[in-house]
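This report describes selected side-chain contacts, salt bridges and helix packing in one protein chain. The structure is shown first, and the description follows.

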Amino acid sequence: MEVPTEPKTTQIDEISHNLSFTTSNAGDSSWDKISFFRHRSRQIKRDTWLVSVFVLLQIVLFAVTMGVNDCSRNSHGHCAAKLLGRFSFQPLSENPMLGPSASTLEHMGGLSWNTLTENHEIWRILTSPWLHSGLFHLFINLGSLIFVGIYMEQQFGPLRIAVIYLLSGIMGSLFAVLFVRNISSISSGAAFFGLIGAMLSALAKNWNLYTGKISALVIIFTIFTVNILIGFLPFIDNFANIGGFISGFLLGFVLLFKPQLRQMPPSHKGKLFEDDMNRSTRLKDQFDRPVLRIICLVVFCGMLAGVLLAACWGVNLNRHCHWCRYVDCVPTKRWSCSDMTTSCEAMVSDAQLTLTCMANGKFRIFPYTNISQARTQDLCTLVCS
């Protein structure tokens, strides 16, 4: 009697499974598609120490800035949040972002036309990207940096993100110098806008790899718009944000290779062949589109050299573009977008200081007299606005 034998399909199925998997991996692009903003559990497991260092450093610098500001002493207690003592904020009429005075921002390394052209303090280009105009600005900027920076660092690694972040901050500061006014301004958003630009270029470059692209574009546009609107407030430079965004967009095409896709499931057959194929595919992905990278690198280097030379020569584009100031400022009753140097006549009587603006005749009485010249200029700007 013949014993019926079962069809031996196990090995055949396993081989066909491996063949179909290898074919899909090599030829079908849909197999490799991933969501641009993946769920946290599906993201690449990498440390995000770089973003943590940047966030911690900027928080410490803001605390140091508020300590140097010392509103309780320099403004004689005319401060917001007086319970904070030395770290209390300037009045909202002077700084609506809950932060220091203009003279403190300038002392800590903010940008202003006089310090750059007359004193030749070029080092401010390196310090300005790390300052914040106030507590609101700090929270919004760092919140956006954490959301974007952690994602970018997980996808592309800390080294390239650090290069984009730092170079975008420098480029943004140089770009701001071309439009800088006599009022102190900071360019802390430039480095963050560089990451936004790099994220957009990464999405455009690897468009076929991602799903949910429209949602990703909406998120990028929303973050961009919110931070641009904040740039219309005092002390925040929108020109630096624009320069940082352009810089990050170009550097994204130069430095950001194809992101790491999901891990391949383990196979039992042909592992050596698959490893060789995956390695060659990764090398091909890293060196794809060399012409586009070269063009973007040349454009970035040319723009960097151009703004650097213009900054050294003291070029002020506000003299040739009278409407450009409104890209960075919206005039209101609380502040003005005028680039005129403010001057006031000071009169002291009965422990009171009266400042009268020489431009419009406005005056204001302050219940103290013993203040520094820099602080007097802050109050003069407030009176003339």
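## Asn95 and its surroundings

Asn95 is placed in the loop between H3 and H4 of this predicted model. The residue has a relative accessible area of 0%. Because buried means under 20% relative accessible area, Asn95 is classed as buried.

A polar atom of the Asn95 side chain lies 2.9 Å from the backbone oxygen of Ser133. Apart from neighbours within four places in sequence, the residues in contact with Asn95 are Gln90, Pro100, Ser133 and Phe235. Ser133 thus appears both in this list of contacts and as the residue whose backbone oxygen faces the Asn95 side chain.

## Glu94 and Arg375

Glu94 is also located in the loop between H3 and H4, and its partner Arg375 belongs to helix H14. Side chains of opposite charge can pair when their charged atoms come close. Here, the side chains of Glu94 and Arg375 form a salt bridge, with an N to O distance of 2.5 Å. This pair links distant parts of the chain, as the two residues are 281 residues apart. The side chains of Arg375 and Glu94 are likewise recorded as making a polar contact, at 2.5 Å.

Both partners are buried: Glu94 has a relative accessible area of 11%, and Arg375 has a relative accessibility of 4%. Helix H14, in which Arg375 lies, covers residues 373-384. When neighbours within four places in sequence are left aside, Arg375 is in contact with Asn74, Ser75, Gln90, Glu94 and Ser101. Gln90 is thus a contact of Arg375 and also a contact of Asn95.

## The salt-bridge network at Asp70

The count of salt bridges comes to 4. A network of salt bridges links Asp70, Arg73 and Arg86. Within this network, Asp70 pairs with Arg73, where the closest N and O atoms are 3.2 Å apart. Asp70 also pairs with Arg86, and there the closest N and O atoms are 3.3 Å apart. The pair of Asp70 and Arg86 links distant parts of the chain, with their positions 16 residues apart: Asp70 is in the loop between helix H2 (49-69) and helix H3 (71-74), and Arg86 is in the loop between H3 and helix H4 (102-107).

The three residues of the network have their own accessibility classes. Asp70 is buried, with a relative accessible area of 5%. Arg73 is exposed, at 56% relative accessibility. Arg86 is partly exposed, with a relative accessible area of 43%.

## Packing of helices H8 and H11

Two packed helices are described by the angle between their axes and the distance between the axes. Helix H8 (residues 158-177) packs against helix H11 (residues 238-255) at an angle of about 145°, and their axes are 7 Å apart. The crossing of these helices, H8 and H11, is right-handed.

On the H8 side, the residues in the contact are Arg160, Val163, Ile164, Leu167, Ser168, Met171, Gly172, Phe175 and Ala176. On the H11 side, they are Phe239, Ala240, Ile242, Gly243, Gly244, Ser247, Gly248, Leu251 and Leu255. The residues of this contact comprise 11 nonpolar, 6 polar and 1 charged.

Terms used
Residues are numbered from 1 along each chain as its sequence is written. This is a predicted model: local features need pLDDT of at least 70, side-chain atom pairs count only at pLDDT 80 or more; totals for chains, interfaces and linings use all residues. Side-chain values use heavy atoms; hydrogens and water are left out. Helices (H or I, at least four residues) and strands (E, at least two) are DSSP runs, numbered from the N terminus. Buried means under 20% relative accessible area, exposed over 50%, partly exposed in between (1.4 Å probe, protein chains only). A polar contact is a pair of N or O atoms within 3.5 Å; within protein, one must be able to donate a hydrogen and the other to accept it, and residues adjacent in sequence count only if both atoms are side-chain atoms. Contact means heavy atoms within 4.5 Å. Axes are lines fitted to C-alpha atoms, for helices over the stretch in contact, and angles run from 0 to 180 degrees between N-to-C directions. A crossing is left-handed if the near helix is turned anticlockwise from the far one by less than a right angle, and right-handed if clockwise. Ala, Val, Leu, Ile, Met, Phe, Trp, Tyr, Cys and Pro count as nonpolar, Asp, Glu, Lys and Arg as charged, and the others, Gly among them, as polar.
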